[in-house]
Protein chains: 2
Amino acid sequence: MDFVTGLRCRECGRSYPAEALHVCDFCFGPLEVAYDYERLAAAVSKEAIAAGPASMWRYRPLLPVDDPNPIDLGAGWTPLVRADRLAAELGLRELWIKNDTANPTGSFKDRVVSVALTKARQLGFKVAACASTGNLANSVAAHAARAGMASVVFIPEDLERAKVVTTAVYGGTVVAVRGTYDDVNRLCAELTSERPDWAFVNVNVRTYYAEGSKTLAFEVAEQLGWQAPDHVVVPVASGSQLTKVRKGFAELHQVGLLPEPPAVRVSGAQAAGCSPVAQAFADGTDAIRPVRPQTIAKSLAIGNPADGWYALRAVRETGGALAAVSDEEVLEGIRLLARTEGIFAETAGGVTIASLVRLVQQGVVRPDERVVCFVTGHGLKTVEALTGVVGPTATIAPTLEAFEEAVGAELDADRRTR
Amino acid sequence: MDFVTGLRCRECGRSYPAEALHVCDFCFGPLEVAYDYERLAAAVSKEAIAAGPASMWRYRPLLPVDDPNPIDLGAGWTPLVRADRLAAELGLRELWIKNDTANPTGSFKDRVVSVALTKARQLGFKVAACASTGNLANSVAAHAARAGMASVVFIPEDLERAKVVTTAVYGGTVVAVRGTYDDVNRLCAELTSERPDWAFVNVNVRTYYAEGSKTLAFEVAEQLGWQAPDHVVVPVASGSQLTKVRKGFAELHQVGLLPEPPAVRVSGAQAAGCSPVAQAFADGTDAIRPVRPQTIAKSLAIGNPADGWYALRAVRETGGALAAVSDEEVLEGIRLLARTEGIFAETAGGVTIASLVRLVQQGVVRPDERVVCFVTGHGLKTVEALTGVVGPTATIAPTLEAFEEAVGAELDADRRTR
């Protein structure tokens, strides 16, 4: 049962068949998947979803590929954790963390890749490819291995070691490129025409790929008891995730799973060292000026974001805002989340938490709102960022005396004075 | 509703109240939690479990702590993945991977820690402590942070960097000890009497802690449609996990969730550089001789395993076997699982997969069995082990020409000859 009616240009509205197309031939606007929402409304139910798998594929009718056996490592259905201790520090009433570090390869990219490669396989592609800042590379290589597809993954040369190893271990081809992500992306755009039989998940099958991010919104709503939050804070790299989270909440109403049209305020998080969308927001302009990234948040280091303008519009239309935070704030954000809630996020998650802090200070995120913050990658992926920042309290010989001298007495004194 | 009747000595059967006790005062045997299985049988149902949370706490009645708000980061309910590509390489009919890398801190330890700290809090402890080879340290520090408890975590000095950072980031006290895990453990055993107000999760609350591993068996059975597998392969460090997996399957029958008494063969996996239990099995003796560990599988590097004898007995009684594999086989095991199934395991997972390979070759694991392999930690935790082993295929300038020269032509030739 497929509810996709085709692809449609986001700009001029022209229709296309559901093939490996991503750009409108007439106006060069990006294409988006179109669904028959009336038929969908009749077909979906909370009960059917609840009886589905404990993964993002519980929302299969709302995804753009109809395959009873998707390429699936178990992406999605990650914990939505109530963060009372963090909320107390920030003066918020109700804060939730969508902990998407708990995906199979440790980031939300598993959601988009699972959709993209399942569709690519259906369309007859035998090779999975991508340009990546790291997380996408991990996920494409893993899902391709699972499916027995070949993979060719392009990454900037200066990536974190963990992300390189976690890509190469799956046995596909890994090409390190001397340049930024934007250089890598440009090369892949050229290669897409040279290698029409390769599925570049974020180029020629991007239309399908991007839809995977909607499941973040679906899950949040279901986990809140089929309610939308008041405000979400979403990291911005290409901008795709933010726009799709908004679309996800809207679709739930269109198919009758949310009774009211959701009024979710959408805010975005960027690192100051790569903040073209936040800068445009601050300047009150529509023009997003490309930048050369310089930040420890490498997974967000897209200087020329494909969906930046759409993200900007979504933020403005919903009354949200965009923050740009320094690398120091990113590290502080990682430690704040870890210390209060026991969740270790990669640098991108530090950007999101630091942006939340900033938006609370600015009064954008309000104390009485129900807030959901998307933490989208695991801290194990960017251990470098914290080396020298955190470490053992002490190193001792294996004796009681050594312990008491180095740590014990101080700990006890500390506890007595509390 | 609590179904715990108390603690009972595994050796002499004496009863104790459900407090922070772990050793029998009379015979020094280890204590185990006792349940009222008759009342449990009347209380549990497949339906109630299915309606529970998407975490290990769906089995709350079968766990030794009754708390509607456990200290919970979302441990458990991890994917059980059918591994047809790996099965084909090994000549097996039906192989499943229990992918416990997908836990909040990246290892199965989240299961035992969630139970241990919830019980410790209930018993009035304010400080969470442990001796750890790394994964337990990560998990104790994270769960303590989540609960707002203080934590004091002891690790061997030579631990992988990722595991040190992933412990320290949560803001607790981290003590690096110059010595092996067994030295660290000895120090903690001494400290337990010096600091009676600290909950050492694997010492004075070990009785509760260990019960968390039963949920591995519970989940496997539920995910197989309430059936037990024929054969499980489980990594052996202290030996606790293996014995509790066996106990978990047995309990499901005791409470009526499995119709037949399960006949699950249980096999164990060790690294040759730390294989005291496998050695005793090979020698046909009951005496487990402590060893000084020397292996890249640091999370299994327990030279004097507390539950080694019980693990050995479980393996023998069920007709399983124990394998001991070299570090080279461990790396090959990691790559085999990654290449065929898209799952990146830490070195301990490499031990388990390499042991599976060995046990298949030896005819212990039989082609017609339904086999489940427990992969218990994420590869991101032991990236060091693969550095220099896997890496980029090529490093190129960001141009089509550079790509074609370095990789493209070869890839195309490769595909044409297939």
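# Briefing: a hairpin in chain B and the contact with chain A

In the hairpin that strand 1 of chain B forms with strand 2 of chain B, five residues lie between the strands, and G13(B) takes a positive phi near 80°. The model is predicted, and the points below begin with the strands around this hairpin before turning to the contact between chain B and chain A, to salt bridges and to an annotated span of chain A.

**Strand pairing in chain B**

- The two strands of the hairpin, strand 1 of chain B and strand 2 (residues 15-16) of chain B, pair in the antiparallel sense over two bridges, and in strand 2 the bridge partner of L7(B) is Y16(B).
- Strand 1 (residues 4-9) of chain B also pairs with strand 3 (residues 31-35) of chain B, in the antiparallel sense and over five bridges, with R8(B) standing opposite E32(B) of strand 3.

**The contact between chain B and chain A**

- Chain B contributes 79 residues to the contact and chain A contributes 79 residues, while the area buried between the chains is about 6,500 Å², with 63% of that area given by carbon and sulfur atoms.
- Of the area that chain B buries against chain A, 10% is supplied by R146(B), V169(B) and L380(B), which is more than any other three residues supply.
- Between chain B and chain A there are 24 residue pairs in polar contact, counted where both residues are at pLDDT 80 or more.
- On the side of chain B that touches chain A, helix 15 (residues 400-416) of chain B provides the largest share, namely eight residues, and the residues of that side divide into 44 nonpolar, 15 polar and 20 charged.
- Strand pairing also crosses between the chains, since strand 8 (residues 173-177) of chain A and strand 14 (residues 394-396) of chain B run parallel and are joined by three bridges, in which V177(A) has I396(B) as its bridge partner.

**Salt bridges**

- Over all chains the count comes to 63 salt bridges, and the count between chain B and chain A is six.
- Between the chains, the side chains of E404(A) and R195(B) meet in a salt bridge at 2.9 Å, N to O.
- Within chain A, D67(A) forms a salt bridge with R121(A), the closest N and O atoms being 3.1 Å apart.
- Because D67(A) lies in the loop between helix 2 (46-50) and strand 4 (80-82) of chain A and R121(A) lies in helix 4 (residues 109-122) of chain A, the pair ties together parts that are 54 residues apart in sequence.

**An annotated span of chain A**

- According to an unreviewed UniProt entry, residues 72-377 of chain A carry the annotation "domain: Tryptophan synthase beta chain-like PALP".
- In the model, this span of residues 72-377 of chain A is 44% helix and 17% strand, and its end C-alpha atoms lie 18 Å apart.

Key:
Residues are numbered from 1 along each chain as its sequence is written. Chains are lettered from A and ligands numbered from 1 in the order in which they are written. This is a predicted model: local features need pLDDT of at least 70, side-chain atom pairs count only at pLDDT 80 or more; totals for chains, interfaces and linings use all residues. Side-chain values use heavy atoms; hydrogens and water are left out. Contact means heavy atoms within 4.5 Å. Buried area is the accessible area (1.4 Å probe) that two parts lose on being put together, summed over both. A salt bridge is a side-chain nitrogen of Lys or Arg within 4 Å of a carboxyl oxygen of Asp or Glu. A polar contact is a pair of N or O atoms within 3.5 Å; within protein, one must be able to donate a hydrogen and the other to accept it, and residues adjacent in sequence count only if both atoms are side-chain atoms. Helices (H or I, at least four residues) and strands (E, at least two) are DSSP runs, numbered from the N terminus. Ala, Val, Leu, Ile, Met, Phe, Trp, Tyr, Cys and Pro count as nonpolar, Asp, Glu, Lys and Arg as charged, and the others, Gly among them, as polar. Two strands pair if DSSP finds at least two bridges between them. UniProt positions are given in the numbering used here, feature names are shortened, and annotations may be inferred rather than shown by experiment.
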